Protein chains: 2
Amino acid sequence: MPHTMESICRKLHSSDYRITPQRQTILKVFIENASKHLSAEEIYYLVKEKHPEVSLATVYRTLDLLAELGILQKMNFNDGRSRYEFTEQDNQHLHHHHHMICLRCGKVTEFEDILLDSLEDVIAKRTNFKIVDHHVKFFGFCENCRRQ
Amino acid sequence: MPHTMESICRKLHSSDYRITPQRQTILKVFIENASKHLSAEEIYYLVKEKHPEVSLATVYRTLDLLAELGILQKMNFNDGRSRYEFTEQDNQHLHHHHHMICLRCGKVTEFEDILLDSLEDVIAKRTNFKIVDHHVKFFGFCENCRRQ
DNA sequence: TTTGATGCAAATGGTTTGCATCGGG
DNA sequence: CCCGATGCAAACCATTTGCATCAAA
């Protein structure tokens, strides 16, 4: 179930949050750039193109709210700002994908995980932690940058 | 080969960096608390106990320098500040260990990886990235916090 | 003696917040 | 209408930097 304007607005509404034009605009930009791991400021500038009156504070507050509702996740790619992406989940499970970050150009590529869930089990048993999530990042050089 | 005051000072010297009392004090604190993933400010306060004249800027500059020399690594545990730990490596390979972070008390536990290197190969082939490092973090609840 | 290292204070940059106002429900 | 949401500017907080001074080599 992908995130749509409609499903998110329904969730906002059912959680007693108002559906304001600012939130709609921010959501629209976010949906249109779903794969890009945008930062708050990047979202702000995209929003401003069509709605210059929206403030950066509102972008931050909206992103915080959406993260709190579990609609999106705040990510850290060690570039000094937070980036956001949609939480992907099917009925009961978080759908994990991970990230490959190019150390030269900063490009972030996603990939699906196949082995991590079993690793999670092993670790859980060994450490006695109750594991609820994992983050995996690979750092290296993308195809494009390797050619130069 | 664990990091010792001597080995690090040798490295500083051979890289033409000066061995100052401030750097020695910071190193000492870091070595004595090697397992704790301290932040710059935490190191600063520990250093200040014995050497109140050392400034926070010097702590940051020293940590940056040590990271640049590959002696330690800057880590991000999503708590709003960078934390540092020794790079562990045997002769040619980075020695990967990963982290389990308790969402309740913030405790960071390390564990060794066994499966990740093969996953790295799979990903490298699939994405055409030249992978040079990976970060893996598990989030959950530690044994202690689970009992409460 | 030379030049890198330091302390201090000010600057930076991402993010948060107080407050008066606005407007969705 | 009411209270949550917004815009603005100021505050915050980790980190960085400019600069005069100090001291390792």
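Two exercises with worked solutions follow.

The model is predicted: local features require pLDDT of at least 70, side-chain atom pairs count only at pLDDT 80 or more, and totals for chains, interfaces and linings use all residues. Residues are numbered from 1 along each chain as its sequence is written, chains are lettered from A and ligands numbered from 1 in the order in which they are written, and side-chain values use heavy atoms, with hydrogens and water left out.

**Exercise 1.** Describe the interface of chain A and chain B.

Solution.
1. Contact (heavy atoms within 4.5 Å) links 35 residues of chain A with 36 residues of chain B.
2. The buried area is about 3,200 Å², and carbon and sulfur atoms give 68% of it; this is the accessible area (1.4 Å probe) that two parts lose on being put together, summed over both.
3. Zero salt bridges are found by the rule, which asks for a side-chain nitrogen of Lys or Arg within 4 Å of a carboxyl oxygen of Asp or Glu.
4. Strand β5(A) runs antiparallel to β5 (residues 130–141) of chain B, and eleven bridges join them; strands are DSSP runs (E, at least two residues), and two strands pair if DSSP finds at least two bridges between them.
5. Within this pairing, His134(A) has Phe138(B) as its bridge partner.

**Exercise 2.** Determine which residues surround DNA strand D and which parts of the strand they approach.

Solution.
1. DNA strand D is surrounded by 22 residues (a heavy atom within 4 Å); Thr20(A) and Tyr60(B) are among the closest.
2. Of the strand's atoms within 4 Å of the protein, 66% belong to sugar or phosphate and the rest to bases.
3. A polar side-chain atom of Thr20(A) lies 2.6 Å from a phosphate oxygen of the strand.
4. For Ile19(B), a backbone N or O atom lies 3.0 Å from a phosphate oxygen of the strand.

Technical notes
Helix = DSSP H or I, 4+ residues; strand = E, 2+ residues; numbered from the N terminus. Polar contact = N/O pair within 3.5 Å; in protein donor to acceptor, adjacent residues only side chain to side chain.
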